[in-house]
Amino acid sequence: MTEMKANRSQPMIILGLVALVVILFWLLVGKYASSNGSGADGIRVISEDGNFTSSKTNYHWKMVTTWPKNFPGLGSAATNFSRLVDEMSEGRLTVSVYGAGELVPALGVFDAVSSGSVEAGHGAAYYWKGKNTATQFFTAIPFGMNAQEMNGWLYYGGGMELWREIYEPFNIVPFAAGNTGIQMAGWFNKQINTMDDIKGLKMRIPGLGGEVWNRAGGSSINIPGGELYTALQTGVIDATEWVGPYNDLALGFYQVADYYYYPGWHETGSTLELIVNKDAFNALPKDLQAIVETASRMANQDMLDEFTGRNNTALQELINTHDVDVRPIPKAVLLELEEIAHQIYFEEAEKNPDFKRVYRAYKTFQENVKTYHKVSEQAYYELRD
Ligand code: CA
């Protein structure tokens, strides 16, 4: 009690000093206060020599996504990115995340970012094959590279440069921002024993995998994740692929499908994307641009780590708790699907020079990395089994 009495005047002195500092600060720099219009506001600080030294401008971005908000696994990349950017920039760049359908429909994300009606989006490049079929290489192609190889190609093999070239006409800067690792082949209400079993089978399977499926006699459609359970339950589709055990368990597909097939021949290591409107990106100072780049790379690796960490326990739960019938697609069927895939790549390359250019680069890297992985990753997988 006596101590408190003795110190009673201290808080008043501190408050007075703080008020004085604040008043002096506003007298000195207040006249430079400025607003930079939509998406940005704040003040600029001048140095002793009278030059602007650091921008204290704050930026607010809206990010639309192709996933339901806070969707496990896929959706967490967007919220991770937003949190990281906020923390690293000390709030100078904030990103509000909107789930599918909140501002724009799931498959309206690309157009919204391209037009600048929002600054950023999170989704998957193969959803935009209607814009340019070459976009599909930046998510996954059937019988393509795995996650580790995709990252090697994107960051050290020229893949990212090609991706940015392909998105340039849309005024969009892409970043890798998540990887699922190899997916599962999907949930089926019919057994797949021969190629004949694919005939007429309605499956949700996007991208080039969907084209392979059609050519094999099936019927592919693309439906956003949030609508898949009902589509499978009501028989609108006979089968769906989604991601892997962790995500698929969360969506409850085991309740509405009989068989869970592997491996994910159609998505062997799918990269998800952060897309940023080019004007919005260029408007950022260099340090905030570096923060966007760094946070996307963190989100990219973090998703792969999360799936690796959680898929195995989810698979155990599907098998042991929910009695899911997990089956391999027969090798003869996979080999035929692979042949169809290569036919489609060849034909598409003849139609679209961008597809040809990206395919060549992708294929060259894939062949080279495959040679190396035969004596490294693959040799070790075989050894430990
Ligand atoms: Ca998928």
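Start with the sheet: in this predicted model, six strands line up as S10-S9-S11-S8-S12-S14, forming an open sheet with mixed pairing. At the two edges sit strand S10 (219–221) and strand S14 (325–328), each of which pairs on one side only. If you look at the S14 edge, you'll find strand S12 (residues 259–262) beside it, and the two run in the parallel sense over four bridges. One place to see this pairing is Tyr 259, whose bridge partner in S14 is Asp 325.

Now go over to helix H7, which connects back to the sheet through its surroundings. The cover over the buried residues of H7 includes strand S9 (202–204), S10 and helix H12. How much of H7 is buried? Seven of its nine residues are, so the helix is mostly covered. Those buried residues are Gly 207, Leu 208, Gly 209, Gly 210, Glu 211, Val 212 and Trp 213. After the helix comes Gly 217, with a positive phi near 105°.

Gly 207 is worth a stop of its own. This glycine is found in helix H7, and it counts as buried because 26 C-beta neighbours lie inside 10 Å, where 20 or more are enough for that label. Leaving out residues up to four places away in sequence, Gly 207 touches Tyr 126, Lys 129, Gln 136 and Thr 139. There's also Gly 130: it is 77 residues from Gly 207 in sequence, yet the C-alpha to C-alpha separation is 9.8 Å.

Next, the packing of H7 against H12. Two packed helices are described by the angle between their axes and the distance between the axes. Here, H7 (residues 207–215) and H12 (residues 331–351) pack at an angle of about 115°, and their axes are 9 Å apart. That angle makes H7 roughly perpendicular to H12, a label that covers 65 to 115 degrees. The crossing of the two helices is right-handed.

Which residues make the contact? On the H7 side they are Leu 208, Glu 211, Val 212 and Arg 215, and these meet Leu 337, Ile 340, Ala 341 and Ile 344 of H12. By type, the contact of H7 with H12 has six nonpolar residues, two charged ones and no polar ones. The spacing along each helix may catch your eye, and there is a general point behind it. An α-helix has 3.6 residues a turn, so residues three or four places apart point the same way. Leu 208, Glu 211 and Val 212 turn up twice in this tour, as they belong both to the contact with H12 and to the buried residues of H7.

Technical notes. Residues numbered from 1 in each chain as written. Predicted model: local features only at pLDDT ≥ 70, side-chain atom pairs only at ≥ 80, totals over all residues. Axes fitted to C-alpha atoms, helices over the stretch in contact; angles between N-to-C directions. Parallel < 35°, antiparallel > 145°, perpendicular 65-115°, else oblique. Left-handed = near helix turned anticlockwise from the far one by under 90°. Contact = placed C-beta atoms within 7 Å. Nonpolar A, V, L, I, M, F, W, Y, C, P; charged D, E, K, R; others polar. Pairing = 2+ DSSP bridges. Buried ≥ 20, exposed ≤ 12 C-beta atoms within 10 Å, placed from the backbone.
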